[in-house]
Structure formats: structure tokens, C-alpha cells
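Hi,

Here is the structure you asked me to look over. Have it open while you read, and my notes follow below.

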Amino acid sequence: LDTDGEARDSLPDVGADEYVYQSSIIDLAVEAVEVPVMPLLAGSSYQILTTICNVGQQSVSNAEAILLYNEVPTDSQSISLGVGVQFELIWNWSAPLTDLSYGLLRVQLNALSDSVPANNSLSTSLVVAGAPLANSVVVGGTGAADFTSLTELSEHLKWRGVGTSLSVLL
């Protein structure tokens with residue numbers, strides 16, 4: 001018997017495990033997801049570059065590539081790749097309207113009979129920031145505060161910056 005309890009073949013495989021050799025493997029891989037700047041300006045459009053490669057042993061036709069933002073699909077494209085071909089796929093993506101948010105962009109590949117699903121997805125973290133702070137802001141208190149704490153205000157200052165003079169009311 002081999003290491004996982006299967007009977008050894010009459011001509012055993014090298015090593016301690018018998019396996020079934022797959023002569024033709026389909027395997028697409030997402031190798032990179034790149035955003036052009038950080039933070040991304042809320043409401044602006046960007047080109048997101050992804051690198052996809054056919055690392056299998058068969059050409060692949062009509063595989064689906066999906067772009068997701070915070071696990072919600074935002075776009076999809078059909079791709080076909082020959083064996084060993086690397087392809088740069090460009091997505092036109094608009095950052096959501098927000099004051100400040102942290103998110104995840106993920107590319108997911110769906111190819112029929114892909115034998116290695118572990119490399120079919122890749123993600124990158126991003127920050128989407130609104131317009132720079134200006135005029136005055138209120139921190140804490142029981143009224144209509146702009147920020148609940150100085151920590152929250154400091155995050156906004158870090159990513160959004162200051163457009164004009166800024167008064168902070170505590």
C-alpha cells in the first residue's frame with residue numbers, strides 16, 4: 001500500500017503515493033491586480049490592470065473574468081488564452097461616492113474544468129477617499145458630529161487631507 005492506503009501499481013509511481021496522471025490540465029491564473037494610485041478619489045474612474053496567464057496544458061476559450069468590489073460583481077469579460085500566454089486585462093472602474101472607505105477589489109476567473117482553483121482569484125486592498133476636509137468639523141458630542149472620535153478624524157485627515165483652513169470643534 002502507498003502512504004494514503006491505495007494499492008501500489010505493478011509499476012509503482014516514484015515516491016510513496018500512487019496518483020492518476022492528468023495528461024491535459026486546464027489552469028488559468030490571476031497573477032496581478034494593480035490600482036494606479038492610493039487613495040482612489042471617490043467618484044472618479046480608474047483603469048485597473050490585471051494580469052492573467054494560462055499556466056495549463058490546453059488553450060482555453062470563453063473563460064469568464066469577473067471584477068468584484070467588496071464581493072459584489074461590478075464587471076465581467078470573456079477571455080481566451082493559448083497555452084503559456086500571459087494577458088493584461090484592463091477594467092474601467094469607478095470608485096464609489098463616499099467620504100472614506102476601505103475596500104477590496106478581486107478578480108475571479110471561471111474556466112470550465114479548471115483543475116487548480118487556488119490560483120483563480122486574486123485581490124488587492126484599497127482606500128477610497130472623498131474631497132479634502134475644509135472649513136470646520138465637529139468631533140464627538142451629542143449633536144450632529146461629523147466624527148465620533150479624534151481617531152476617526154485622524155483617519156480622514158490621513159487619507160483625504162485638508163483643502164483649506166480647517167477648524168476642529170471638540
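First, a term: two strands count as paired if DSSP finds at least two bridges between them. With that in hand, L40 stands opposite V128 in β8, and the neighbouring pair to look at is L41, whose bridge partner in β8 is A129. Please keep in mind that this is a predicted model.

**The five-stranded sheet**

Those residues belong to an open sheet of 5 strands, in the order β2-β8-β7-β4-β5, with mixed pairing. Strands β2 and β5 are the edge strands, each pairing on one side only. As a reminder, strands of a sheet pair through backbone hydrogen bonds, either parallel or antiparallel. Both kinds turn up around β8. Strand β2 (residues 40-41) runs parallel to β8 (residues 121-129), and 2 bridges join them. On the other hand, β7 (residues 100-110) pairs with β8 in the antiparallel sense, over 9 bridges. If you want a spot to click on there, L105 stands opposite T124 in β8.

**The three-stranded sheet**

There is also an open sheet of 3 strands, ordered β1-β3-β6, with antiparallel pairing. Its edges are β1 (28-34) and β6 (86-94); each has a single partner strand, so one side of each is left without a neighbour in the sheet. From one strand to the next, the twist averages 25°. Strand β3 (residues 45-54) pairs with β6 over 9 bridges, in the antiparallel sense. One of the matched pairs is Y46 with W93, the latter in β6.

**The core**

Which residues have the most contacts inside the largest nonpolar core? They are L28 and W93, in a core of 26 residues. The elements giving two or more residues to this core are β1, β3, β4 (60-69), β5 (72-81), β6, β7 and β8. Strand β4 gives the most, with 5 residues. For background, nonpolar side chains tend to be buried together in soluble globular proteins.

**The helix and a surface patch**

Now for the outside. L150 sits in helix α1 (residues 150-160). Is L150 buried or exposed? The cut-off for exposed is over 50% relative accessible area, and L150 counts as exposed because its relative accessibility is 52%. Together with V168 and L170, L150 forms a nonpolar patch on the surface, with about 320 Å² of accessible area between the three. T151 lies in helix α1 too, and T151 is exposed, at a relative accessible area of 57%. The C-alpha atoms of T151 and P117 are 40 Å apart, with their positions 34 residues apart along the chain.

**Backbone oddities**

Three places to look at if you go through the backbone by eye:

- M38 and P39 are joined by a cis peptide bond, with omega about 0°. P39 is in the loop between β1 and β2.
- S113 is not a glycine, yet has a positive phi of about 65°. S113 is in the loop between β7 and β8 and is exposed, with a relative accessible area of 56%.
- N135 also has a positive phi, near 65°, in a residue other than glycine. N135 is found in strand β9 (residues 133-138) and is exposed, at 58% relative accessible area.

Shout if anything is unclear.

Cheers

Methods: Residues are numbered from 1 along each chain as its sequence is written. This is a predicted model: local features need pLDDT of at least 70, side-chain atom pairs count only at pLDDT 80 or more; totals for chains, interfaces and linings use all residues. Side-chain values use heavy atoms; hydrogens and water are left out. Patches are made of residues with over 30% relative accessible area and no salt bridge: like charges are joined within 9 Å, nonpolar side chains (Val, Leu, Ile, Met, Phe, Trp, Tyr) within 5 Å. Accessible areas come from the Shrake-Rupley method with a 1.4 Å probe; for residues, only the protein chains shown count as cover. A salt bridge is a side-chain nitrogen of Lys or Arg within 4 Å of a carboxyl oxygen of Asp or Glu. Helices (H or I, at least four residues) and strands (E, at least two) are DSSP runs, numbered from the N terminus. Buried means under 20% relative accessible area, exposed over 50%, partly exposed in between (1.4 Å probe, protein chains only). Axes are lines fitted to C-alpha atoms, for helices over the stretch in contact, and angles run from 0 to 180 degrees between N-to-C directions. A nonpolar core is a set of buried Ala, Val, Leu, Ile, Met, Phe, Trp, Tyr and Cys residues joined through side-chain atoms within 4.5 Å.
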